[in-house]
There are 2 protein chains.
Amino acid sequence: MAAPTLKDVALRAGVSVRTVSNVVNDYVYVADDTRARVQAAIDELGYRPNLLARNLKLGRTKMLALVVPELDVPYFAELARLIIHEARTAGYTVLIDQTDGDERRERELVTEDARGVNFDGVIASPLSLTEEALEGRRASAPVVLLGERLFAAGVDHVAIDNVRAAREATEYLFSLGRRRIAAIGVQHESTGTAKLRTIGFRGAFAAAGAVVDEDLLVEVGHYHREDGAAAMARLLDLPEPPDAVFCFSDLLALGAQRVALARGLSVPEDLAVIGFDDIEDGRYATPTLTTISPDKAVIARSAVRQLIARIDAADEAAEPAQSVQIEAPYRLVVRESTQGRISTGGS
Amino acid sequence: MAAPTLKDVALRAGVSVRTVSNVVNDYVYVADDTRARVQAAIDELGYRPNLLARNLKLGRTKMLALVVPELDVPYFAELARLIIHEARTAGYTVLIDQTDGDERRERELVTEDARGVNFDGVIASPLSLTEEALEGRRASAPVVLLGERLFAAGVDHVAIDNVRAAREATEYLFSLGRRRIAAIGVQHESTGTAKLRTIGFRGAFAAAGAVVDEDLLVEVGHYHREDGAAAMARLLDLPEPPDAVFCFSDLLALGAQRVALARGLSVPEDLAVIGFDDIEDGRYATPTLTTISPDKAVIARSAVRQLIARIDAADEAAEPAQSVQIEAPYRLVVRESTQGRISTGGS
DNA sequence: GCAGCGCTTTGCAACGATGCACCCTAAGCT
DNA sequence: AGCTTAGGGTGCATCGTTGCAAAGCGCTGC
């Protein structure tokens with residue numbers, strides 16, 4: 001009933017525990033017939049090494065933690081999938097933890113839990129993590145953060161250039177001849193993504209010699225569809241509603257677009273909509289969603305590789321080394337929500 | 001540098017290792033001043049119990065594995081989120097594993113890996129797991145499967161009544177006056193969900209005294225948007241295209257709907273569309289998507305509770321007990337894709 | 001005949017925590 | 001005084017695995 005151990009296999013094969021271990025670990029100096037005998041015993045008993053014990057002994061788990069706010073936000077789900085893949089090819093398993101944006105949980109996971117559960121490293125996409133929290137971090141497993149921050153705090157980051165991307169998105173709307181351009185997704189409390197994108201948004205106005213109408217900057221609590229919908233409703237109730245809107249996430253954009261369409265507006269004729277993230281939903285929405293598309297594959301790959309590099313470096317006990325800021329590419333993907341329908345053709 | 005252990009704390013507090021352990025585990029008979037002294041040492045050193053060691057000793061990990069095909073399929077992401085929550089309130093951590101629908105990985109995870117990584121239990125939503133694989137399962141951690149199966153194999157299941165739900169969806173389309181009703185999502189190889197929904201679909205035809213036009217049953221490889229899009233394209237190329245389509249997942253429906261709209265059809269006037277799963281996307285799509293809405297919260301809760309019940313029962317070494325089939329509720333949610341727009345009002 | 005080498009196998013300690021049994025002290029009882 | 005009892009603390013073995021060091025064996029070379 002209980003799972004068989006090395007001892008059980010050893011007994012059955014008539015060898016020592018250590019020899020079974022050697023077989024399991026492909027140690028070179030094992031006689032062929034011994035190996036065969038042991039292997040047979042392993043197969044018969046259905047032996048599988050107990051990773052708990054192995055990890056305890058080895059001091060590493062080959063497990064990475066991925067800390068995200070919400071799994072059912074498609075951007076995180078898509079990213080999670082890529083990260084899991086990337087980690088798997090490197091021989092690591094990924095444990096996902098949801099924080100629901102709770103600062104305490106984020107902090108715990110990044111600063112402490114790693115030692116408890118014994119992850120070899122942590123990849124986190126924090127919503128509200130503060131600088132102090134990171135600095136108070138006890139030396140534990142290496143951490144890579146996803147998403148640019150205004151501060152650096154000596155932690156590795158992987159992100160796109162949010163300021164530039166937001167600016168490009170806004171400039172693109174200007175280039176379409178739009179003038180009353182709104183932004184949905186501002187967060188005054190934020191030190192992260194929201195702030196950077198707001199800076200980029202304002203930068204485009206400055207470059208165009210235009211003045212930002214503060215009424216057109218809508219703050220949201222979250223980046224979900226419903227927040228985008230509520231924000232859009234407010235914008236459309238203004239005396240002078242916008243003719244274009246830059247949403248700081250695709251979910252916001254989808255919610256906003258839904259409300260605009262439900263009110264009988266045409267997108268993009270009456271209102272151009274641009275999102276951020278390039279989630280799959282946007283490619284199948286009607287109209288399809290123009291968006292800033294961060295290269296998620298590169299983000300996932302960079303994050304995993306950088307983390308593993310840190311893990312390996314820790315073994316060699318080299319000097320702490322500088323923190324690394326990795327910039328991932330992105331591109332503007334133009335679709336129907338700004339450009340109108342091109343063809344009515346097939347699939 | 002290295003994480004502090006019980007020994008380090010004991011040394012610092014001037015007590016035995018055992019006493020520190022007692023403090024950590026809230027053992028009653030510890031003098032207040034001793035407890036305070038130990039606690040101080042714990043705080044100063046930043047000690048956290050090593051779960052690996054603890055679990056090795058205790059023989060359980062308080063970890064559940066959740067095995068899903070793809071995390072970026074919203075249905076699974078939404079379900080995962082609920083399951084994680086449910087498990088957390090019960091004191092369990094969930095490790096998610098993606099199989100990409102690979103039968104081998106599914107089998108490994110459900111039948112073997114559990115012992116390796118030492119999960120206390122496994123919740124799996126298998127795509128291609130076969131009956132034999134389950135029967136060959138070595139006694140290991142308890143398993144709860146999500147999704148009804150044609151076979152039972154003595155494993156606990158949680159699912160809605162797929163046959164009845166599919167039948168209701170189809171009958172609803174009949175009730176709208178539609179007659180050329182297509183189905184997207186058939187899978188001839190399948191022994192699972194696809195087959196059950198096909199049965200329900202056919203059942204509605206039988207009840208209506210109608211004959212199924214086999215050309216209107218479209219088989220798909222996966223349940224993604226792109227498969228729905230491709231299937232729809234084929235249907236629309238038929239000499240007599242359908243006037244309604246029942247898609248076996250919301251993603252299929254969204255893909256199908258997209259193609260219909262792109263070809264200039266009106267939904268629902270020219271084509272009524274109904275999906276399955278009630279993912280959030282459908283509530284914000286244009287038109288919003290009518291769908292069968294399984295009660296995901298109940299599914300998550302039932303699965304976690306049933307699994308934990310098994311885990312606890314295993315301790316008491318009672319008799320194996322019968323396998324349990326839990327039926328979760330569902331309902332038909334009517335939205336614009338079958339009913340047309342009701343209001344063009346605000347949010 | 002023996003040192004020395006390469007291959008094969010092994011026993012013991014250790015990773016960090018908890019279960020168990022035991023010891024010690026002081027108080028409460030007969 | 002001698003006993004029990006409750007409270008408070010400890011040492012040792014153990015979970016399943018691997019690192020380390022060494023032992024046994026047969027062979028070669030001198």
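This is a tour of a predicted model with two protein chains and two DNA strands.

**Stop 1: chain A alone**

Select chain A and show it as a cartoon. Chain A holds 14 helices and twelve strands. Colour its 347 residues by burial: 55% of them count as buried. Now think about how the chain folds back on itself. Among contacts between residues at least 6 apart in sequence, 70% join residues at least 24 apart.

**Stop 2: helix α11 of chain A**

Select residues 250–262 of chain A. This is helix α11, with 13 residues. From the first C-alpha to the last, α11(A) reaches 18 Å, close to the 18 Å expected at 1.5 Å a residue. Is α11(A) mostly covered or uncovered? It is mostly covered, with 13 of its 13 residues buried.

Add the residues at its two ends. Ser249(A) caps the N-terminal end of α11(A). Draw a distance from a side-chain oxygen of Ser249(A) to the backbone nitrogen of Leu251(A), and look for 3.3 Å. Then move past the helix to Gly264(A). Just after α11(A), this glycine takes a positive phi of about 90°.

**Stop 3: both chains**

Show chain B and superpose it on chain A. A turn of 180° with a shift of 0.0 Å along the axis lays chain B on chain A, with an RMSD of 0.1 Å. The two copies are thus related as by a two-fold rotation axis.

Next, select the interface residues. Of those in chain B, 97% are also interface residues in chain A, so the copies meet through the same surface.

**Stop 4: DNA strand C**

Select DNA strand C and the protein residues within 4 Å of it. There are 26 residues around this strand. Which come nearest? They are Thr19(A), Thr34(A), Leu6(B), Arg18(B) and Ser21(B). By class, the surface near strand C has twelve nonpolar, eight polar and six charged residues.

Now look at the DNA side. Of the atoms of strand C within 4 Å of the protein, 67% belong to sugar or phosphate, and the rest belong to bases.

Zoom in on three contacts:

- Ser16(A): a backbone N or O atom lies 3.0 Å from a phosphate oxygen of strand C.
- Tyr47(B): a polar side-chain atom lies 2.6 Å from a phosphate oxygen of strand C.
- Ala53(B): a polar backbone atom is 3.4 Å from a base nitrogen of strand C.

Colour α2 (17–24) and α4 (51–58) in chains A and B. These are the elements that give two or more residues to the surface near strand C. The largest share, five residues, comes from α4(B).

**Stop 5: DNA strand D**

Switch to DNA strand D. Here 24 residues surround the strand, and the closest are Arg18(A), Tyr47(A), Thr19(B), Tyr29(B) and Thr34(B). The surface near strand D has ten nonpolar, eight polar and six charged residues. Of the strand D atoms within 4 Å of the protein, 70% belong to sugar or phosphate and the rest to bases.

Again, pick out three contacts:

- Tyr47(A): a polar side-chain atom lies 2.5 Å from a phosphate oxygen of strand D.
- Ser16(B): a backbone N or O atom lies 3.1 Å from a phosphate oxygen of strand D.
- Lys57(A): an N or O atom in the side chain is 3.0 Å from a base oxygen of strand D.

Keep the helix colours on. α2 and α4 of chain A, together with α2 and α4 of chain B, each supply at least two residues of the surface near strand D. Which helix gives the most? It is α4(A), with four residues.

Conventions. Residues numbered from 1 in each chain as written. Chains lettered and ligands numbered in written order. Predicted model: local features only at pLDDT ≥ 70, side-chain atom pairs only at ≥ 80, totals over all residues. Heavy atoms only, no water. Polar contact = N/O pair within 3.5 Å; in protein donor to acceptor, adjacent residues only side chain to side chain. Nonpolar A, V, L, I, M, F, W, Y, C, P; charged D, E, K, R; others polar. Least-squares fit on C-alpha atoms with pLDDT ≥ 70 in both. Contact = heavy atoms within 4.5 Å. Expected span 1.5 Å × (residues − 1). Buried < 20%, exposed > 50% of the residue type's maximum accessible area, 1.4 Å probe, protein only.
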